[in-house]
Amino acid sequence: MDYFLTEEQVMIQELAGQIAREKIRPVRAQLDEQEEFPWEIMKICAQADLFGLYIPEEYGGLGGGILENCLAIEKIAEACIGIATSFAASGLGAYPILLFGSEALKRAYLPDIASGKRLAAFGLTESGAGSDVSGIQTTAVRDGDHFILNGAKQWITNGGEAEIYSVLAITDRSKGPRGASFFVVEKGDPGFSFGKKEKKLGIRASATRELVFQDCRIPKERLIGREGTGFIVAMKTFDKSRPGIGALGVGLSQGALDISVEYARKRMQFGKPIISFQAIQHKLADMAIKTEAARALIYAAARYMDTDPPDSSKVAAMCKVFAGDAALFAATEAVQILGGYGYMQDYPVEKMMRDAKILQIYEGTNEIQRNIIGQELNKEYSRQKESFF
Amino acid sequence: MHIVVCIKQVPDTKNVRIDPDTHTLVRQGVESIINPFDLFAVEAGLQLKDKLGAAVTAVTMGPPQAGDALRDTLSLGVDDAVLLSDRAFAGSDTWATATTLSAAIRKIGDVDMVICGKQAVDGDTAQVGPEMAALLDFPYATFVKSMEKLDERHFKVTRQTDEGVEVWKLPLPMLITVIKEMGEPRVPSLRHKMRAKKAEIPVWGAADLGLDPNSVGLCGSFTQVVRVFSPPRRTNRIQLSGTVQEQAEQLYRHLKQVKVPGI
């Protein structure tokens, strides 16, 4: 379908697609099996200017928005969402600085993130705080010109590989939701270390580690925005990043569909290619419907979100839920269509199925996304004067 | 430092078909690509750009649509491109091609190094590079797999030959033809791609190069293709097997059977 993209947006698709085809497809199985961080691919993405798509030109980026970033993420994800997650997570780490950082912080970090010279990461989740962000235990205490951080962040994507971390910590517990703040922590800061690399069901090329802060001392200028705005920074960041998670889902669905149709056209049973059977056709049709619907939603939402609308959270949540569910559906059907071959590691769809599951879990579970949508609906309709009966 | 990379547009090697009647390549409907070996030449030039801040210019001789190939090199980071296109260039053999390309290099003027792919996958002659070096009076090395700057005027180049590896020291200006060990061609960058889309590529004809139309194209070619044919398939091959002694005996019996003189 033609989404009436600009010439530049088409170029982004072509370039990211070329990287996916030529550089990622040949290595994805190996990176998955060896749980190896895709540094080579990250360097290629950097050299191709893909890390700076959503960053303004004055900070070394290309001045695009969420849509441009989603287009690149989708294409990379067609080949491997483990790699695409590593790529996208740098953006997640950058958004707090981009949206709320001081001019000095933006100048210090965004050009390196835009050029891909340094990767970023986002540190929010803790062992006791995932869906319920208010359970955060990591603290940051002011000490003269410094903040001192203590605590641990769990399951941080790009942990250990990234050099720039946006980290949420409690600055004043007595203030409740207004008592948390975001900070930039750099790899190498005193008292900042990493836990072991996690072993995962899928997206095994991506690195997931614990961030450990033991009297980690950072300059007070590393505070992002004002003290106490941490939860707002987190929510606004997710509004920007969740369409990107949707784009991961669209890419994975498309990748699964491509392989399934190609296989179904070649695979002969009962003397015919299996695509001639309705059972297979209906599966492929459902995969195609969900993939295209997810893509249409993500593109429309990304364009809309680039205008900074008031109802971002609901729309962002819809993107993440719909595309994530579509991806797991498409990957599961792909395995079914390929049958025994689909279940074998020699073929890429079992990996897609393992990978797809994360899309319903990270960056806010799909249950939490539905909560957000439900709460936003409740708010919206509370303002309605008119009855629909 | 100024580097010129010479490239050639060739039919996509993945779908080459030969017309059974004329024995020539079927070019209709076949996509053109940059000669794969020339992409290593572009990569070699760009590596010197990254390392030494060299300026890289890509040059090709061909029909107007060869401008697309030049645009692709601009997407990879090449600074400038020049298209050599003129009806007078049609039908060039390797010598006439080298004449035209070297005239362009003289016109560009301040060239320190010319890099070519080791050969083009359509003609497979590997002659244009060395012929250009002769015409320009540049020292040259073929089948180069790596190079390193020694000082302001010298490079160390490593050649891969069938017999082994040779390391040469060459003075600038020089010409090299490169092989794939030079480095995997990079992907384009978005900024370069955008610039390439808008770039105006100058087109130089025989007159711009100060070339007599009789010295280029078909007229300037020393060789002419008289006939093109597909070599007959050799079907009378025999694969020997067994121990060395058994194989030797089989070979002896066979040579005797076909009455090879002296056996």
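How far apart are the end C-alpha atoms of helix α4 (residues 66-79) of chain A, and what should its 14 residues span? The legends below begin with that helix, as it appears in this predicted model.

**View 1. Helix α4 of chain A, end to end.** Take the 14 residues of α4(A) at 1.5 Å each and the helix should span 20 Å; the end C-alpha atoms sit 21 Å apart, which agrees. The surroundings are worth a look too: 14 of the 14 residues of α4(A) are buried, so the helix is largely enclosed by the rest of the structure.

**View 2. Chain A as the setting for that helix.** Chain A has eleven helices and ten strands. Its radius of gyration is 21 Å, close to the 21 Å that the globule rule gives for 389 residues, so chain A is as compact as a globular protein of that length. Along the principal axes, the C-alpha atoms fill a box of roughly 80 × 60 × 40 Å. Buried residues account for 51% of the 389 in chain A. Of the contacts in chain A between residues at least 6 apart in sequence, 74% link residues at least 24 apart.

**View 3. Two non-glycine residues of chain A with positive phi.** Phe270(A) isn't a glycine, yet its phi is positive, at about 55°. You'll find Phe270(A) in the loop between β9 (268-269) and β10 (272-273) of chain A. Glu363(A) also has a positive phi, about 50°, without being a glycine. This one belongs to the loop between α10 (349-356) and α11 (366-382) of chain A. Which of the two is buried and which is exposed? Phe270(A) has 7 other C-beta atoms within 10 Å, so it counts as exposed. Glu363(A) has 26 within 10 Å, so it counts as buried.

**View 4. The open sheet of chain B.** Nine strands make up this sheet, in the order β9-β8-β7-β10-β6-β1-β4-β5-β11, with mixed pairing. At the edges are β9 (165-171) and β11 (203-204) of chain B; each has a single partner strand, so one side of each has no neighbour in the sheet.

**View 5. Strands β1 and β4 of chain B, with helix α2.** Strand β1 (residues 2-7) of chain B runs parallel to β4 (residues 55-61) of chain B, and six bridges join the pair. One of the residues to look for is Ile7(B), whose bridge partner in β4(B) is Thr60(B). Helix α2 (residues 67-76) of chain B packs on the sheet here, touching β1, β4 and β5 (80-84) of chain B. The directions of α2(B) and β5(B) make an angle of about 170°.

**View 6. The β8-β9 hairpin of chain B and the loop after it.** Strand β8 (residues 154-160) of chain B is antiparallel to β9(B), and seven bridges join them. Across the pair, His154(B) stands opposite Pro171(B) in β9(B). Four residues lie between the two strands of the hairpin, where Gly164(B) takes a positive phi near 160°. Now move on to the loop between β9 and β10 (174-178) of chain B, home of Pro173(B). The peptide bond joining Leu172(B) and Pro173(B) is cis, with omega about -5°.

**View 7. Where chains A and B touch.** Chain A puts twelve residues into this contact and chain B puts in eight. On the chain B side, these residues divide into four nonpolar, one polar and three charged.

Methods:
Residues are numbered from 1 along each chain as its sequence is written. Chains are lettered from A and ligands numbered from 1 in the order in which they are written. This is a predicted model: local features need pLDDT of at least 70, side-chain atom pairs count only at pLDDT 80 or more; totals for chains, interfaces and linings use all residues. Two strands pair if DSSP finds at least two bridges between them. Two residues are in contact if their C-beta atoms, placed from the backbone, lie within 7 Å. Axes are lines fitted to C-alpha atoms, for helices over the stretch in contact, and angles run from 0 to 180 degrees between N-to-C directions. The expected span of a helix is 1.5 Å times one less than its number of residues. A residue is buried if 20 or more other C-beta atoms lie within 10 Å of its own, exposed if 12 or fewer, and partly exposed in between; C-beta atoms are placed from the backbone. The radius of gyration is taken over C-alpha atoms; the globule rule is 2.2 Å times the number of residues to the power 0.38. Ala, Val, Leu, Ile, Met, Phe, Trp, Tyr, Cys and Pro count as nonpolar, Asp, Glu, Lys and Arg as charged, and the others, Gly among them, as polar.
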